Amino acid sequence: MRETAEASLTQPSELAELATLYDIYGPLLKETQKAIFEAYVQDNLSLSEISAEFEMTRQGAYDTINRSRKKLREYDEKLGLREKYARILELIDTADMDDINRTKLRDMIENVL
């Protein structure tokens, strides 16, 4: 099972989802979790590179990333902000307004979130 979980961490769709969840819920993670998670998802460092940079074992790096991934998903399940954000953008896209105002409104909302 560990191989499957680790393999899924390298899938582009998984990384895109994690990056989105991190953008929304990242501030709720501990500082060390944030740094390691950013190194993996945003900086695209390998587990070996992370373990060397943070002076930990490769297994420790994997465990931290996996715990962070689970936490981000738990936050999203409980708070549902990703779905609410998507719904807001959908409503903007279908609102009766010109493209200039639609773009301005989307930009304002994206800057807030």
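## Salt bridges and helix H5

At 29% relative accessibility, Arg73 counts as partly exposed (buried is under 20%, exposed over 50%, partly exposed in between; 1.4 Å probe, protein chains only). This is a predicted model: local features need pLDDT of at least 70, side-chain atom pairs count only at pLDDT 80 or more, and totals for chains, interfaces and linings use all residues. Residues are numbered from 1 along each chain as its sequence is written, and side-chain values use heavy atoms, leaving out hydrogens and water.

A salt bridge is a side-chain nitrogen of Lys or Arg within 4 Å of a carboxyl oxygen of Asp or Glu. By this rule the count comes to 10. Three of them are tabulated here.

| Pair | Closest N to O |
|---|---|
| Arg73 and Glu14 | 2.9 Å |
| Arg87 and Glu90 | 2.7 Å |
| Arg106 and Asp93 | 2.8 Å |

Arg106 lies in helix H7 (residues 99-112) and Asp93 in helix H6, so this pair ties together parts 13 residues apart in sequence. Helices are DSSP runs (H or I, at least four residues), numbered from the N terminus. Salt bridges with shared partners join Glu14, Glu17, Arg69, Arg73, Asp76 and Arg82 into one network. Within it, Glu14 counts as buried, at 10% relative accessibility.

Arg87 and Glu90 both lie in helix H6 (residues 81-94), 3 residues apart, about one turn of the helix. Arg87 is partly exposed at 42%. Glu90 is partly exposed at 44%.

Leu79 lies in helix H5 (residues 58-79). Leu79 is partly exposed, at 41% relative accessibility. Buried residues of H5 include Tyr62, Ile65 and Leu72. Gly80 follows H5, with a positive phi near 65 degrees.

How values were computed. Helices (H or I, at least four residues) and strands (E, at least two) are DSSP runs, numbered from the N terminus.
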